[in-house]
Amino acid sequence: MAAHSKLVFSKLLSDTDINKRLAVPSAIQSSLPPFNGGHALIFHFLHGTSFWPILYSTRRKGYNKPVFSGRLWRNFVFYNNLNVGDRFTLYRVQVEDGSSYYMVEVGREIDFLGINAMAYGNGSTAEEHVITHHHQAGLSLELSLGQPNVEGADNSKSLLPGNQYRARPSSTFSL
């Protein structure tokens with residue numbers, strides 16, 4: 001079955017987003033699950049191969065800005081080694097059978113050979129990294145970078161900072 005994803009929102013993470021709560025744009029609130037008269041709910045999204053429960057809420061009084069917050073949000077940040085400047089992107093994925101789910105990509109914007117690209121991560125310490133450049137008309141370029149496997153070489157240094165990028169098979173290259 002084919003699935004179609006639609007961008008809900010994307011933002012560069014700030015210190016507050018990392019250490020306290022991720023502010024969700026009010027304008028996209030209708031694209032997320034409704035509160036049904038309440039002010040909070042547990043929101044699930046797919047990141048990598050795992051669904052993550054996140055507290056999605058607004059204040060009871062005053063400014064009703066929606067946020068992802070609390071222990072569940074902090075667990076996601078910690079486990080996935082998110083940093084200030086990483087890009088958080090939320091998609092709604094519609095499946096042909098009428099069901100839908102939310103998916104998140106988190107990555108660092110980098111300049112790779114003069115191309116503004118994203119290095120996506122999942123918090124692993126994999127020795128291979130994926131750089132993706134999205135182009136118009138639904139095309140994207142993925143380049144997998146792996147550590148050299150040379151006997152006697154120091155293979156402990158990462159090609160990209162943070163050792164936080166998503167591993168893919170070394171033969172991955174698509175356009």
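So, His4: its bridge partner in β6 is Gln94. That bridge belongs to a longer pairing, where strand β1, residues 3-12, runs antiparallel to β6 over 9 bridges. Keep in mind that this is a predicted model.

Let's stay on β6 for a second. Is that strand enclosed or open? Largely enclosed by the rest of the structure, because 8 of its 10 residues, in the stretch 86-95, are buried.

Okay, now walk back along the chain to helix α2. On α2, the buried residues are Leu72, Trp73, Phe76 and Val77. They cover an arc of only 140° around the axis, so they sit on the same side of the helix. If you want the reason that spacing works: an α-helix has 3.6 residues a turn, so residues three or four places apart point the same way. Then flip to the face turned away from the buried side, and you find Arg71, Phe78 and Tyr79, which are exposed.

Right after α2, Asn81 takes a positive phi of about 50°. And just before that comes Asn80, in the loop between α2, residues 70-79, and β6. Is Asn80 buried or exposed? Buried, because its relative accessibility is 4% and the cut-off for buried is under 20%. What does the side chain of Asn80 do in there? It reaches the backbone oxygen of Phe76 at 3.0 Å, and it also makes a polar contact of 3.3 Å with the side chain of His47.

Phe76 is worth a stop of its own. Leaving out neighbours within four places in sequence, Phe76 is in contact with Phe45, His47, Trp52, Ile54, Leu82, Phe88, Val104 and Val106. So it's no shock, given the list, to meet Phe76 again in the largest nonpolar core, which has 25 residues. Phe45, Phe68, Phe76, Phe88 and Leu90 touch the most other members there. Which elements give two or more residues to this core? Those are β1, β3, β4, α2, β6 and β7.Now the aromatics. The structure holds 17 aromatic pairs. Take Phe43 and Tyr102: their rings are tilted, 5.0 Å centre to centre with 50° between the planes. That pair ties together distant parts of the chain, with Phe43 in strand β3, residues 40-47, and Tyr102 in strand β7, residues 100-112, 59 residues apart. Phe43 is buried, at a relative accessible area of 1%, and Tyr102 counts as buried as well, at 9%.

A second tilted pair is Phe68 with Trp73, at 6.3 Å centre to centre and 40° between the planes. Both of those residues are buried. Zooming out, ring pairs link Phe9, Phe35, Phe43, Phe45, Trp52, Tyr56, Phe68, Trp73, Phe76, Tyr79, Phe88 and Tyr102 into a cluster.

One last residue, Ser57, which lies in strand β4, residues 50-57. At 10% relative accessibility, Ser57 counts as buried. And what is Ser57 in contact with, beyond its neighbours within four places in sequence? Phe35, His39, Ala40, Lys65, Pro66, Val67 and Ser69.

Definitions and conventions: Residues are numbered from 1 along each chain as its sequence is written. This is a predicted model: local features need pLDDT of at least 70, side-chain atom pairs count only at pLDDT 80 or more; totals for chains, interfaces and linings use all residues. Side-chain values use heavy atoms; hydrogens and water are left out. Buried means under 20% relative accessible area, exposed over 50%, partly exposed in between (1.4 Å probe, protein chains only). Helices (H or I, at least four residues) and strands (E, at least two) are DSSP runs, numbered from the N terminus. Two strands pair if DSSP finds at least two bridges between them. A polar contact is a pair of N or O atoms within 3.5 Å; within protein, one must be able to donate a hydrogen and the other to accept it, and residues adjacent in sequence count only if both atoms are side-chain atoms. Contact means heavy atoms within 4.5 Å. The arc is that of the directions from the helix axis to the C-beta atoms. Rings of Phe, Tyr and Trp (its six-membered ring) pair if their centres lie within 6.5 Å; planes under 30 degrees apart count as stacked, over 60 as edge-to-face and the rest as tilted. A nonpolar core is a set of buried Ala, Val, Leu, Ile, Met, Phe, Trp, Tyr and Cys residues joined through side-chain atoms within 4.5 Å.
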